[in-house]
Amino acid sequence: MFYHIFVPLINHFTALNIFKYITFRAGYAMVTALILSFILAPRIIKFLQNWQVNEKIRSDGPQSHMAKEGTVTMGGLIILACIIIPTLFWARLDNYYVLVALFATIWMGAVGFLDDYLKAKRHLSKGLVAKYKLAGQIMLGCMVGGAMYIFGDDQYSTMTMIPFVKNYSLNYSHWYIYIPMVTLVITAASNAVNLTDGLDGLAIGLMAIAASAYAIICYVMGRVTTAEYLSIFNLPGSGELTVFCLSLVGASLGFLWFNFHPARVFMGDTGALALGGALGTIAILTKTEILLIVIGGVFVLEVLSVILQVGSYKLRKKRIFKMAPLHHHYELKGWAEETVVVRFWIIGILFALIALTTFKIR
């Protein structure tokens with residue numbers, strides 16, 4: 001919004017030229033999201049308390065978690081507001097990449113909200129039936145994939161970069177290959193963040209790390225000279241996604257203030273599905289679907305731990321981990337919750353740094 005208001009006035013007030021710079025607008029989007037979190041979070045938390053939207057803790061998990069019974073959930077509303085509002089303020093609203101990312105975030109946030117509402121207010125233990133949740137994810141994947149396939153105006157619209165490899169990429173070409181791939185990425189990413197959201201501050205901290213890495217990626221891919229120097233895709237307009245990514249970072253850090261142990265609020269599926277959908281969509285828009293496996297390495301490990309646990313029990317009647325997802329395994333080994341969270345953050349930072357090095361080591 002600010003871009004469209006102030007840039008036309010540059011000829012009269014040259015100082016307003018600063019609004020043309022993505023770095024300026026992205027930085028202030030992050031600051032806006034962070035400040036907005038501090039303003040909105042206490043009010044939304046109080047509203048959720050009055051509305052009695054409380055988390056129900058599973059009895060078969062770590063017993064230390066029983067003390068969290070009654071903590072308000074659906075805090076993803078805070079995250080959504082603090083992503084959407086700064087993005088609308090500071091990003092170009094005629095940018096295709098920004099509009100797709102916002103749409104995906106809002107869509108998955110709505111699916112998650114319905115799930116949280118059914119669990120917290122309608123007292124349905126499983127919330128939104130799994131097949132309906134999956135239907136929402138598939139619908140989003142089809143819409144994003146279809147939009148990219150039909151309206152993508154760049155030469156890389158159906159391509160994916162291969163990490164550590166220069167001048168080679170995957171091209172899905174046909175819609176019946178590309179759209180299912182997009183659907184798979186969005187579904188996997190949203191479910192992975194949802195699975196990881198089991199300890200205070202864990203998922204939201206990892207999202208801040210992943211979004212920071214993607215802010216750098218979006219910026220360099222949007223610059224012709226930098227993209228040519230690194231031999232990566234140059235996606236005109238993708239630099240504007242930096243504003244969205246740093247809004248996500250600011251919203252994540254702001255929410256972490258209230259979500260770190262002992263958490264005053266949980267994000268619920270409203271936040272987890274929205275964040276996962278946003279992350280998957282950013283990967284699709286920047287043609288880094290494979291690299292997402294590295295950037296979201298901890299999310300991948302959490303999902304793999306569940307797959308291995310279920311597979312091992314079905315095949316051998318034996319469990320590999322004390323409990324899945326992976327963070328619960330280390331809790332049951334005696335690690336304090338804060339220890340698990342901070343160590344997983346450190347691993348997340350390591351994965352993000354490795355992912356960024358792939359742009360140079362090619």
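The exercises below work through helix packing, empty space and a salt bridge in a predicted model.

**Exercise 1.** Determine how helix α12 is oriented against helix α14, and which residues make the contact.

*Solution.* Begin with the geometry: α12, spanning residues 297-316, packs against α14, spanning residues 337-357, at an angle of about 120°, and their axes lie 8 Å apart. The angle makes α12 oblique to α14, because angles from 65 to 115 degrees count as roughly perpendicular and only those over 145 as roughly antiparallel. Next, identify the partners: on the α12 side they are Gly 297, Val 298, Leu 301 and Glu 302, which meet Phe 344, Ile 347, Gly 348 and Phe 351 of α14. Finally, sort the contact by class, which gives five nonpolar, two polar and one charged residues.

**Exercise 2.** Describe the lining of the second largest pocket, and find which helix gives the most to it.

*Solution.* The volume of this pocket is about 410 Å³. Its lining comprises 18 residues, of which Ala 188, Ala 189, Leu 292, Ile 293 and Val 300 are the closest to the centre. Turning to the helices, α6 (175-196), α11 (292-295) and α12 each contribute at least two residues to the lining, and α6 gives the most, with six. By class, the lining of the second largest pocket consists of 16 nonpolar residues, one polar and one charged.

**Exercise 3.** Locate the cavities of 30 Å³ or more and characterise the lining of each.

*Solution.* A search of the whole structure returns two such cavities. The largest cavity holds about 50 Å³ of space, and its lining is formed by Leu 206, Ile 209, Ala 210, Ile 295, Gly 296, Gly 297, Val 298, Phe 299 and Gly 348. Helices α7 (202-221) and α12 each supply at least two of these lining residues, and the class count is six nonpolar, three polar and no charged. The second largest cavity holds about 40 Å³, and is lined by Met 161, Ile 162, Pro 163, Thr 288, Leu 291, Thr 358, Phe 359 and Arg 362. Here the division is five nonpolar, two polar and one charged.

**Exercise 4.** Decide whether the side chains of Lys 119 and Asp 115 meet in a salt bridge, and place the two residues in the fold.

*Solution.* The N to O distance between these side chains is 3.4 Å, and the pair therefore satisfies the cut-off of within 4 Å. Both Lys 119 and Asp 115 belong to helix α4 (residues 96-120), where they stand four residues apart, about one turn of the helix. Under this rule the count of salt bridges comes to six.

Conventions. Residues numbered from 1 in each chain as written. Predicted model: local features only at pLDDT ≥ 70, side-chain atom pairs only at ≥ 80, totals over all residues. Heavy atoms only, no water. Axes fitted to C-alpha atoms, helices over the stretch in contact; angles between N-to-C directions. Parallel < 35°, antiparallel > 145°, perpendicular 65-115°, else oblique. Contact = heavy atoms within 4.5 Å. Nonpolar A, V, L, I, M, F, W, Y, C, P; charged D, E, K, R; others polar. 1 Å grid on protein atoms, 1.4 Å probe; cavity = no way out; pocket = protein on both sides within 12 Å on 5 of 7 lines; lining within 4 Å. Points joined across faces, edges and corners; volume = space filled by probe spheres on them.
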